[in-house]
Amino acid sequence: MPSPRRRRPALPLTLSAAALLVPLATACSSSDGSGTSADGQRLRVVMAFPPAQAMSPYGDDAVTLSRLAVIEGLTTLDKNGDAKPALATSWKRDNDRTWSFTLRDAVFQDGQKLESPAVAHSLRAAEEASPKPRVLSDTRLNVTTPDRKTVRISTRTPDPLLPQRLANPSFTILSEGAYKGGRVNPAGHATGPFTLTKVNGALSATLQRNDSYWGAKAKAPGVDVKFVADGTARANALRTKTVDVAEYVPISQASLLGDGLVHEFPSARTNGLSLNTRHGVFADPAMRAAAREAIDSAALVKGVYEGRADTAQGLLGPGVPWAADRTAPTNRAKAADKAQVAKTKQIVLATYTNRPELPEVATVVQQQLTARGFTVKQVVRDYAQLEADALAGKYDAFIQARNTLLDTADPVSYLASDFSCDGSFNISQLCDERVDAAVDKAAGLADTTARHRAETAAEADILGTDALVPLLHERFVQGYDDSRVHGVSLDPMERTLITADTRLG
């Protein structure tokens, strides 16, 4: 087993990182260079992912807008993933396919009142968007407006998770002024604590406090945002106090920054080894069991993640706190011994470069499987070059980092997409009647406690097949100086970061 990765010494910025931080310092300062305004200090934030769809709410940019407290939906989520009031103060289920939502008194950032026609327009726009938001991949919405303060939403099939679904950032509610010229522009048309006032392509954005916000007013007068994909550059910006908050500090930089600047917390992301249950060596359950027994999660956490991850607990890790009371896996096959494993053909183990730790994880997993007797060939490429082949079952094993809460903030979507016979992301090629029945049961339950219990039972059935061997649970690492920056949201579901309470002082 390899020793833990050697910690890198603090080095001067590379030319490319320095070049990124020059405009960062400029964009994140006020006109007098103080970084302050008449009513307090503005926040300077560096984010990892630049806008990819001109801040459209129907793709990944919606998450960016949510993390910057610009947009809101009818509902929001608590730490357990339960729906709570946002722009809707309450809701009730009229029948198995229809829900009614009562709107709060609020105004959009352009001064228009929040009323049911605007809400219906936003939800219909999401329904008609192309490409369609992922959260709508398995359902359709029909929206009506009984009165100015009520929205009635029907789904084609019963959807007990509709209130959680509506908390997805792609269901942001915007005023009708946002929908002009064939595009959707959230700038000045949302309802959140901060108003998006300027976007400079994929480089930067400017936010101002929304003084007409229906809730507690933002404590910072505004936010100056820079988008920097280079993780080392983000870390160095934090180190040199060029920014106040740095999103997603790389593991390799966390130890260099120190505990006062680094804040890690459990995520809903599980790194797993998907094994091809339909073709090749791992079509044999005994070989999958042997692979499971070969994996040493603690060695991966220590050697690759420098202790900044959690050892494998199942499909659902500590970022899903209610899953701690889980059911033990059942019906596992007896593992093949080393002599049997040694007789098998070479297996192909694939992963991608887009998440910097995964290639190193693949190397350690290859060593662990080899020690068990497997002959392993690695394939490591950009994710876009691997996805089609992975989904087609062309690899024996595939290492991936997967958000287990997906778009509805409930794992039933993940369980169905990744492990059911008709799953759209079933890399393991699993098709098991028992698993399908368990997932279907969970999907049909409206009561949260009962659904969670059914989901952990489905998890146990899936783990019993060894279609996926959990490797570890990632932690998110956000950067800020906790002696002067307060109110940063450490959200396992990745939907919030800057809030109305985020401030300097």
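Where is the place of T344, the starting point of this tour? Select T344: its place is in the loop between α9 (338-342) and β18 (347-352). Helices here are DSSP runs of H or I with at least four residues, strands are runs of E with at least two, and both are numbered from the N terminus.

Before going on, note that this is a predicted model, in which local features need pLDDT of at least 70, side-chain atom pairs count only at pLDDT 80 or more, and totals for chains, interfaces and linings use all residues. Residues are numbered from 1 along each chain as its sequence is written, and side-chain values use heavy atoms, with hydrogens and water left out.

**Stop 1: around T344**

Stay on T344. With a relative accessibility of 18%, T344 counts as buried; buried means under 20% relative accessible area, exposed over 50%, and partly exposed in between, with a 1.4 Å probe and protein chains only. Leaving aside residues up to four places away in sequence, T344 touches V281, M287 and F374, where contact means heavy atoms within 4.5 Å. Add M287 to the selection: M287 and T344 are 57 residues apart in sequence, and their C-alpha atoms are 9.1 Å apart in space.

**Stop 2: M55 and the cis bond**

Select M55, in the loop between β3 (43-47) and α2 (61-67). The phi of M55 is near 65°, a positive value in a residue other than glycine. M55 counts as buried, at 2% relative accessibility.

Next, select S130 and P131. A cis peptide bond joins the two, with omega about 0°. P131 is found in the loop between α3 (116-128) and β8 (141-147).

**Stop 3: the four-strand sheet**

Select β6, β7, β8 and β9, which form an open sheet in the order β6-β7-β9-β8 with antiparallel pairing. Two strands pair if DSSP finds at least two bridges between them. Which strands stand at the edges? They are β6 (88-95) and β8; each has a single partner strand, so one side of each is left without a neighbour in the sheet. On average, neighbouring strands of this sheet are turned by 25° against each other, direction ignored.

Now narrow the view to β8 and β9 (residues 150-155). These strands run antiparallel and are joined by five bridges. To find one of the positions, pick V143, whose bridge partner in β9 is I153. Then show α3, which lies across β7 (98-103), β8 and β9 and runs at about 175° to β8. Axes are lines fitted to C-alpha atoms, for helices over the stretch in contact, and angles run from 0 to 180 degrees between N-to-C directions.

**Stop 4: β12, β13 and β14**

Select residues 194-200 (β12) and 204-209 (β13), two strands that run antiparallel and are joined by six bridges. V199 has A205 of β13 as its bridge partner. Three residues lie between the strands of this hairpin, and G201 takes a positive phi near 55°.

Extend the selection to β14 (residues 222-227), which pairs with β13 in the antiparallel sense over five bridges. Here T206 is bridged to D224 of β14.

**Stop 5: the α13 and α14 pair**

Select α13 (residues 433-443) and α14 (residues 448-465). The two helices pack at an angle of about 165°, with their axes 8 Å apart. They are therefore roughly antiparallel to each other; angles over 145 degrees count as roughly antiparallel, under 35 as roughly parallel, 65 to 115 as roughly perpendicular, and the rest as oblique.

Show side chains for the contact. From α13 it is made by R434, V435, A438, V439 and A442, and from α14 by R451, A454, E455, A458, D461, I462 and T465.

**Stop 6: D466 and H473**

Move on to D466, in the loop between α14 and β21. D466 has a positive phi of about 60° although it is not a glycine. Is D466 buried or exposed? D466 is buried, with a relative accessible area of 1%.

Finish at H473, in strand β21 (residues 468-480). H473 counts as buried, at 0% relative accessibility. Not counting residues up to four places away in sequence, H473 touches several residues, including R269, T270, A309, D310 and P318. For a longer view, add A286: the C-alpha atoms of A286 and H473 are separated by 25 Å, and the two residues are 187 residues apart along the chain.
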